[in-house]
Amino acid sequence: MKTAIILASSREQGNTHQLAHLYMEHQTCDLFNLSDYAISAFDYQHRNKNDDFKVLIKTLITYDHLIFATPVYWYAMSAQMKVFVDRLSDLLTIEKTLGRALKGKSCSLLATGEDNEAPECFIAPFNLLANYLGINFTSSFYCCCRKNFIKQEHVNDLKKYLAIEFANITSLK
């Protein structure tokens, strides 16, 4: 199964970045850091159609499983992830063929924050987005990082999560 992590964080070596790389140590996948792309906010007139969004989405649709990786900022996804998610609207209007190519794929969520667990209001938009696009939302993994670092307990929890996530994804096939 070909897997892509879509990383959206303001801190280059922050907790979410560390978590994504930790995931990659235990599971084969490719990382796409949204900070490396010039993606403009959604525009109803589509004046932004020549930015990097279409190039990135054309690459991402070649993957079977997409992982959204974002810190929790004020109970919501990062600004970079929100811009990316908003631009998925292009796939419903001017890029319908690309949008249809997402149907039947699976996705999951990696997140970090300071709460003991991820708020439901944080996870819900990813689940609802997946359902709307015909993508199977399989699971989410969250790390509480109050001291600004990934701990050994997170590594152990991630290994357990990976076994469950793989079973969830495999059951979709």
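Which pattern does the chain follow when read along the sequence? In this predicted model, the order of elements is β-α-β-α-β-α-α-α-β-α-β-α. The secondary structure thereby comprises seven helices and five strands. Of the contacts in the chain with a separation of 6 or more, 81% are accounted for by residues 24 or more positions apart. The chain has 173 residues, and buried residues make up 49% of them. Its accessible surface amounts to about 9000 Å², and carbon and sulfur atoms contribute 51% of that area.

Helix H1 covers residues 15-26 and has 12 residues. At 1.5 Å a residue, a span of 16 Å is expected for helix H1, and the C-alpha atoms at its ends lie 17 Å apart, in agreement with that value. The buried residues of H1 are Asn15, Thr16, His17, Leu19, Ala20, Leu22 and Tyr23. An α-helix has 3.6 residues a turn, so residues three or four places apart point the same way. Among the buried positions of H1 are Asn15, Leu19 and Leu22, as well as Thr16, Ala20 and Tyr23.

The loop between strand S2 (30-33) and helix H2 (53-60) contains Asp51. The relative accessibility of Asp51 is 12%, so this residue counts as buried, the cut-off being under 20%. Two backbone nitrogens are reached by the side chain of Asp51. That of Ser40 lies 2.7 Å from a polar atom of the Asp51 side chain, and the backbone nitrogen of Phe53 is reached at 3.1 Å. When residues up to four places away in sequence are not counted, Asp51 touches Ala38, Ile39, Ser40 and Arg87. Ser40 thus appears both among the residues touched by Asp51 and as the owner of a backbone nitrogen 2.7 Å from a polar atom of its side chain.

Cysteine residues were examined for covalent links. A disulfide is a covalent bond between the sulfur atoms of two cysteines. The structure holds zero disulfides. For Cys144, the closest cysteine sulfur is that of Cys145, at 6.6 Å; a disulfide requires sulfur atoms within 2.5 Å, so this pair is too far apart for a bond. Cys144 has a relative accessible area of 15% and is therefore buried. Cys29 is likewise buried, with a relative accessible area of 11%.

Terms used. Residues numbered from 1 in each chain as written. Predicted model: local features only at pLDDT ≥ 70, side-chain atom pairs only at ≥ 80, totals over all residues. Heavy atoms only, no water. Helix = DSSP H or I, 4+ residues; strand = E, 2+ residues; numbered from the N terminus. Buried < 20%, exposed > 50% of the residue type's maximum accessible area, 1.4 Å probe, protein only. Contact = heavy atoms within 4.5 Å. Areas by Shrake-Rupley, 256 points an atom, 1.4 Å probe, with all protein chains shown as cover. Polar contact = N/O pair within 3.5 Å; in protein donor to acceptor, adjacent residues only side chain to side chain. Expected span 1.5 Å × (residues − 1).
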